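Student: I've just been handed this one and would like a walk through it. Can we take it step by step?

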Amino acid sequence: MVVSFQNVSRFYNDWPALERINLQLEQGEFLVISGPSGAGKTTLFRHIWMGDLPSSGTVEVAGYSSDRLSRKELPLLRRKLGIVFQDFRLLPERTVYDNVALPLQVAGTSPKAVRRRVFSLLAEMELNHRRGSYPHELSGGEQQRVAIARAMVAHPVILLADEPTGNLDPEVSRKVIELLMEINRSGTAVVLATHDPRQVPAGVARFMYLDRGHLVNPSSWDGYEQL
Amino acid sequence: MNIRGKLATFLITLLMVSLSFMVFDIFLVVSWNLGTVLRNEQENVGIEIFLKDTVSETDAVNLADLVSEMEGVRSVYYVSPQEAEAIFRADMPEQADLLALLGPQFHLPASIQVTLHPEYRTSERVGGVARTVSGMDGVDDVIYGKEYLPGLTRAVDILEKLVILAGLVLAVSLSLVVANTVRLAIAKRALTVQIMSIVGAPGWFVRMPFIGEGLVTGTAGSAGSLLLTGAVSWMLSSSVPHQFLPGDWIALVLVLGAGSGAAGSWIGMRSGVPKPRR
């Protein structure tokens, strides 16, 4: 088990962003979490990378528990995760190479090993020719590929992708989803939050639906038919 | 933020730090010069013991030896009547004829000039030495600047306290201004801090570059303020004679600049590094 939510609730003031969530993710699994805007998808993600801690219940990720997480352990947990955001969140003053190298550099990897890994990954992602470019010089699809490369560079246990196709056109979105599926096939657990679960072919992933902070059965979810 | 934007932010921050520190530098220059004037005045604080005409030169020298052994006395110098007359003629040549008018029997009194150790140059302590001396045989009169010395002592005392107090207030407020300026510059790079934190950078790894940047900004800003103040000082030097700051005061300004810059970054980073919210 790489992620486990045990009866997790999260309140902002009195407003329930998540309520009594129970969720398990196995190693190498592909989980798609869908639901409308404001359903709590991003909040659920924040609990996985422990940017937020639950108001009640326990989150366990890659062996770290929200009940006992110390300040020193937080960076160690995050090094086991790769995170991709809808708005890419690349560092604008760094080149593609430096953005991708960042997780290895903060973990104290030797420059030689960083260079080897980053070059190999950029080649794999067909971004080698762009390694000296700055994010503003890239297309949206290229920026998202760089963000995925940065998320994958340190061999994470779990890849979290929060609406990664939200800012991309359908063709580029399809390619990004294919890339996520390929990453999953290599053994990395992937959690994808999306408005549109139809992007992922049936049978490839497990689907879950969030509605107003509750995980609901897909068939009982009112919005399912409208997707 | 692009490179040009970053450079502009850095230069604006640097200018703000420099101008803030310039206020402090000017205060220091004024204090230093005022202090120098008062210190020079205090240097001249001493006692002049006028001797009775009946005192022989041998007795006068013995008296001078006695005074030289008193607590607080640094040196004594016996001025004979002849030397006194020579000094009078040299100092006031236009009044020299007066001596001729007073006749050959008149002579200026012999005296002993006493200088004191610096800590004895206060009104109270000089007065104490003067009172003891005035009771000695052969002493006609003792002069020690009774009128101005209490005022001078008070002025030096007040200036010292004022420099320390105002210096502290200025240093604290200046540090806060610099700290806030650096903090705002850092807030513009919140994304960098957030991303570094999300990819697993430990707190020190995120903070160090920013604290280094604050250190450089503070030092460069205070150095810039010294250059600006130096330029103003140079321009005014012909109309208002004064001295610029001594080396150790310049070092103090630079250390304060570096410290406040680093503190600003540290304060900024305390609120900048996201922590898990419960």
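Tutor: Sure, and one definition comes first: helices are DSSP runs of H or I with at least four residues, numbered from the N terminus. Keep in mind too that this is a predicted model.

Student: With that in hand, which helix of chain A holds both R174(A) and E171(A)?
Tutor: These two form a salt bridge, with the closest N and O atoms 2.7 Å apart. They sit three residues apart, so about one helical turn separates them. The helix that holds both is α6 (residues 170-185) of chain A.

Student: Is R174(A) buried, partly exposed or exposed?
Tutor: Buried means under 20% relative accessible area and exposed means over 50%, with partly exposed in between. R174(A) has 40% relative accessibility, and E171(A) also comes out at 40%. Because 40% falls in the middle range, R174(A) counts as partly exposed.

Student: How many salt bridges does a search of the whole structure find?
Tutor: As a general point, side chains of opposite charge can pair when their charged atoms come close. The search runs over all chains, and its total is 13 salt bridges.

Student: Which residue forms a salt bridge with D52(A)?
Tutor: The closest N and O atoms of this pair are 3.8 Å apart. The pair links distant parts of the chain: D52(A) lies in the loop between α1 (41-48) and β4 (56-61) of chain A, and its partner lies in strand β1 (residues 3-12), 42 residues apart. Both residues are buried. The partner is R10(A).

Student: What about D211(A) and R212(A): which of them is buried and which is exposed?
Tutor: Their side chains meet in a salt bridge at 3.6 Å, N to O. R212(A) has a relative accessible area of 62%, so it is exposed. The other has a relative accessible area of 17%, so the buried one is D211(A).

Student: Where is T43(A), and is it buried or exposed?
Tutor: T43(A) belongs to helix α1 of chain A. Leaving aside neighbours within four places in sequence, T43(A) is in contact with R10(A), Y12(A), A17(A) and L18(A). Its relative accessibility is 13%, so T43(A) counts as buried.

Student: Why is helix α3 (residues 96-106) of chain A described as largely enclosed by the rest of the structure?
Tutor: The buried residues of α3(A) include V96(A), Y97(A), L102(A) and V106(A). They pack against α4 (111-124) and α5 (140-152) of chain A, together with α7 (190-198) and α8 (203-236) of chain B. The helix is largely enclosed because its buried residues number nine of the eleven.

Student: Which residue just after α3(A) takes a positive phi?
Tutor: Look just past the end of that helix for a phi of about 80°. The residue there is G108(A).

Student: Now the interface: how much area is buried between chain A and chain B?
Tutor: The contact takes 28 residues from chain A and 19 residues from chain B. Carbon and sulfur atoms give 61% of the buried area. The area itself is about 2,100 Å².

Student: How many salt bridges and how many residue pairs in polar contact are there between chain A and chain B?
Tutor: For salt bridges across the interface, the rule finds zero. For residue pairs in polar contact, with both at pLDDT 80 or more, the count is three.

Student: Which element gives the largest share of the side of chain A that touches chain B?
Tutor: β1, α2 (73-78), β6 (81-85) and α3 of chain A each supply at least two residues of that side. The largest share is four residues, and it comes from α3(A).

Student: And how many residues on that side of chain A are nonpolar?
Tutor: The side of chain A that touches chain B has three polar and ten charged residues. The nonpolar ones number 15.

Student: Last, chain B: what share of its residues is buried?
Tutor: Chain B has nine helices and four strands, in the pattern α-β-α-β-α-α-β-α-β-α-α-α-α along the sequence. Its accessible surface comes to about 15,700 Å², with 65% belonging to carbon and sulfur atoms. Of the 278 residues in chain B, the buried share is 40%.

Note on methods: Residues are numbered from 1 along each chain as its sequence is written. Chains are lettered from A and ligands numbered from 1 in the order in which they are written. This is a predicted model: local features need pLDDT of at least 70, side-chain atom pairs count only at pLDDT 80 or more; totals for chains, interfaces and linings use all residues. Side-chain values use heavy atoms; hydrogens and water are left out. A salt bridge is a side-chain nitrogen of Lys or Arg within 4 Å of a carboxyl oxygen of Asp or Glu. Buried means under 20% relative accessible area, exposed over 50%, partly exposed in between (1.4 Å probe, protein chains only). Accessible areas come from the Shrake-Rupley method with a 1.4 Å probe; for residues, only the protein chains shown count as cover. Contact means heavy atoms within 4.5 Å. Buried area is the accessible area (1.4 Å probe) that two parts lose on being put together, summed over both. A polar contact is a pair of N or O atoms within 3.5 Å; within protein, one must be able to donate a hydrogen and the other to accept it, and residues adjacent in sequence count only if both atoms are side-chain atoms. Ala, Val, Leu, Ile, Met, Phe, Trp, Tyr, Cys and Pro count as nonpolar, Asp, Glu, Lys and Arg as charged, and the others, Gly among them, as polar.
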